[in-house]
Amino acid sequence: MHAIWRRTLTLAGTATLTLGVAHAQTPDLSAPPPIEGEVITEDLGSHTIRVGLGLAETSPLYISTQHFGNILSERTEGRLTVNVFPNSQLGDDAQMMEMLQTGSLDMTIPSTSPATTYVEELAVFDLPFLLPTREAAVAVLESDAALDLLDKFDGTGIKAFAYHENGYRQLTNSVRPVESPDDVAGLDVSGLTIRTMENPVQLSIWEALGANPTPMAFGEVFSAMEQGVIDGQENPWSTILTSNFHEVQDYGSETRHVYTPFIIMMSERTWDRLDPAYQELVEEAAREAAAYEIQLATEYDDWSRNQLEERGMQITRLDDDQIAAFQDAVQPVYEEWAPRIGEDLVAEIQQIVADTMND
Ligand code: TK8
């Protein structure tokens, strides 16, 4: 194999050069499902729908959003088109949701965690170790309990359609290998400064683990790590890879401490401008894109971890006992937050999870 200069995946549109062997940009991904269903041949108006995303062009989220656009355009003979703006270039999750409210952006697909500003109960997804398997996670995302939370955006100026997968979050840092909560807290040395999403439950998790949690918008994380303002962050392997975090993070730990979803959503102002036939199509395409995204995210997950290792990140796998130590340490998060999120909702989700485990 020849060592060559190559362009790595880009962050926020800036190309960086690294010396290394050529790596595939994406895993062998499933092709998008065929676009089926009736084509609307009647001219019901033409619209360009602008979608802002936090993640890069190589992310499962971006690829599925392209598919969403292809569905809309093929099934309206090109009258509905979608323009996707990746890399937080239009703003971070919180800003883009505000832009939906004012109508200055048509669509975005934020994590549930910052969306708790609008629907508090979405914080159920921030509870650590709630969704232990992907099968359980998908069953929850498709459940009435979860779908009812999307209806609660009514009256906010935002219309929420479906859940995508963000995925199992893993810890990375630039200081030391982490095998236990003690490694996070540091004991004799200082605790790791960890960027968290802008969400109080996420903050509680990292406080419970003895870190110095620092809430921050996603788009600022790479440079904050590069400049040493923070030691680490947590995100799914695919995001860590497609955002080039391995360039500034030497250590990863497979903690799987939280599974967070994304929500595909539209400005109500845009929605109101669409003919009812187009509205129906948008909802259908959003659901199809969601199913495809979950499939892509699943395909990306272990592949990304392996790619990160190949690119030099030292990744610590944790056995069941080691995971249990993290679970014990974050128990106070449940005590503090389950009553505030709603004990009934938490119990309902836990029951759906239990049902999938007993099958
Ligand atoms: C991207 C974010 C991101 C999330 C985070 O817009 O903030 O860490 O996991 O992927 O939604």
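Me: How far is a polar side-chain atom of Arg169 from an oxygen atom of the ligand?
Reply: They are 3.0 Å apart, which fits a polar contact (a pair of N or O atoms within 3.5 Å). This is a predicted model, where local features need pLDDT of at least 70, side-chain atom pairs count only at pLDDT 80 or more, and totals for chains, interfaces and linings use all residues. Residues are numbered from 1 along each chain as its sequence is written, and side-chain values use heavy atoms, with hydrogens and water left out.

Me: And how far is an oxygen atom of the ligand from an N or O atom in the side chain of Ser111?
Reply: That distance is 2.6 Å. For the side chain of Asn235, an N or O atom is 2.6 Å from a ligand oxygen.

Me: How much of the ligand's accessible area does the protein cover?
Reply: The protein covers 98% of the 310 Å² that the ligand has on its own (Shrake-Rupley method, 1.4 Å probe).

Me: New topic. Is Ser113 buried or exposed?
Reply: Ser113 is buried, because its relative accessibility is 0% (buried means under 20% relative accessible area, 1.4 Å probe, protein chains only).

Me: Which helix is Ser113 in?
Reply: Ser113 belongs to helix 3, residues 112–115 (helices are DSSP runs, H or I, of at least four residues, numbered from the N terminus).

Me: What does Ser113 contact?
Reply: Leaving aside neighbours within four places in sequence, Ser113 has contacts including Asp126, Met197 and Thr260 (contact means heavy atoms within 4.5 Å).

Me: What about Thr193, buried or exposed?
Reply: Thr193 counts as buried, because its relative accessible area is 19%.

Terms used:
Buried < 20%, exposed > 50% of the residue type's maximum accessible area, 1.4 Å probe, protein only. Polar contact = N/O pair within 3.5 Å; in protein donor to acceptor, adjacent residues only side chain to side chain. Helix = DSSP H or I, 4+ residues; strand = E, 2+ residues; numbered from the N terminus.
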